[in-house]
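Me: Please take a close look at a single part of this model, namely the salt bridges and the elements around them. A connected account would be preferred.

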Amino acid sequence: MTTSPTPLAPKVNLITLGVSDIARSTTFYQRLGWRRSEEASTQDVSFFALDNLVLAVWSRDRLAEDAGLAPTPPGFGGFALAQNLPSERDVDLAVENAVAAGGRLLKKPAKTFWGGYSGYFADPDGHPWEIAYNPYFPLDENGLVALPA
């Protein structure tokens, strides 16, 4: 009997950011108002419950080792994390809050070429976060992206 491989479902449950200082990163995300799971977290890793997703901060070197990769220097890793918000004013406030919490402003919020409004900040390890208002990706009643079919 031949079995077909199980397809990879189109979802993400957890994102792990490799960081140089777990305590510093934990403090940063807590300053954003994100809740750290005290039960699941240890001094070696912090887990934050987001809407339908878990964000972890863990040692950059240990994450590379776990994945079988050589550790690379901090900086742009070819991706950005993003959060869509319901208005341009919400974007301004969120970016201001992230900078006040210890993030570094990468790009001041402004109108975009694609018809939205966005800005970028970096967390203490340089991971870029885009904060955007996207009129083409409406948010549902829970603030989650309702991607058009």
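Reply: Arg24 counts as partly exposed, at 36% relative accessibility; here buried means under 20% relative accessible area, exposed over 50% and partly exposed in between, with a 1.4 Å probe and protein chains only as cover. The model is a predicted one, in which local features need pLDDT of at least 70 and side-chain atom pairs count only at pLDDT 80 or more, while totals for chains, interfaces and linings use all residues. Residues are numbered from 1 along each chain as its sequence is written, and side-chain values use heavy atoms, with hydrogens and water left out.

The side chain of Arg24 meets that of Asp125 in a salt bridge with an N to O distance of 3.3 Å. Because Arg24 belongs to helix H1 and Asp125 to the loop between strand E6 (117–122) and E7, the pair ties together parts that are 101 residues apart in sequence. Helices (H or I, at least four residues) and strands (E, at least two) are DSSP runs, numbered from the N terminus. Asp125 counts as buried, at 7% relative accessibility. A salt bridge is taken as a side-chain nitrogen of Lys or Arg within 4 Å of a carboxyl oxygen of Asp or Glu.

The whole structure holds three salt bridges. One of them joins Glu38 and Arg36, whose closest N and O atoms are 2.9 Å apart. Glu38 is exposed at 55% relative accessibility, whereas Arg36 is buried at 16%. Another is formed by the side chains of Glu88 and Lys111, at 2.7 Å from N to O. This pair links distant parts of the chain, with Glu88 in helix H3 (residues 88–100) and Lys111 in strand E5 (residues 104–111), 23 residues apart. Glu88 is partly exposed, at 27% relative accessible area, and Lys111 is exposed, at 61%.

The setting of helix H1 involves an open sheet of three strands, in the order E1-E3-E2 and with mixed pairing. Strands E1 (14–19) and E2 (45–50) stand at its edges, each with a single partner strand, so one side of each lacks a neighbour in the sheet. Neighbouring strands are turned by 20° against each other on average, direction ignored. E2 pairs with strand E3 (residues 53–59) in the antiparallel sense over six bridges; two strands pair if DSSP finds at least two bridges between them. Phe47 has Ala56 in E3 as its bridge partner. Helix H1 (residues 22–31) packs on this sheet and touches E1, E2 and E3, its direction making about 150° with that of E3. Helix H2 (residues 60–67) also packs on the sheet, touching E1 and E3, at about 105° to the direction of E3. Contact means heavy atoms within 4.5 Å; axes are lines fitted to C-alpha atoms, for helices over the stretch in contact, and angles run from 0 to 180 degrees between N-to-C directions.

Asp21 lies in the loop between E1 and H1 and is partly exposed, with a relative accessible area of 33%. Asp21 and Val57 are 36 residues apart in sequence, and their C-alpha atoms are 9.0 Å apart in space.
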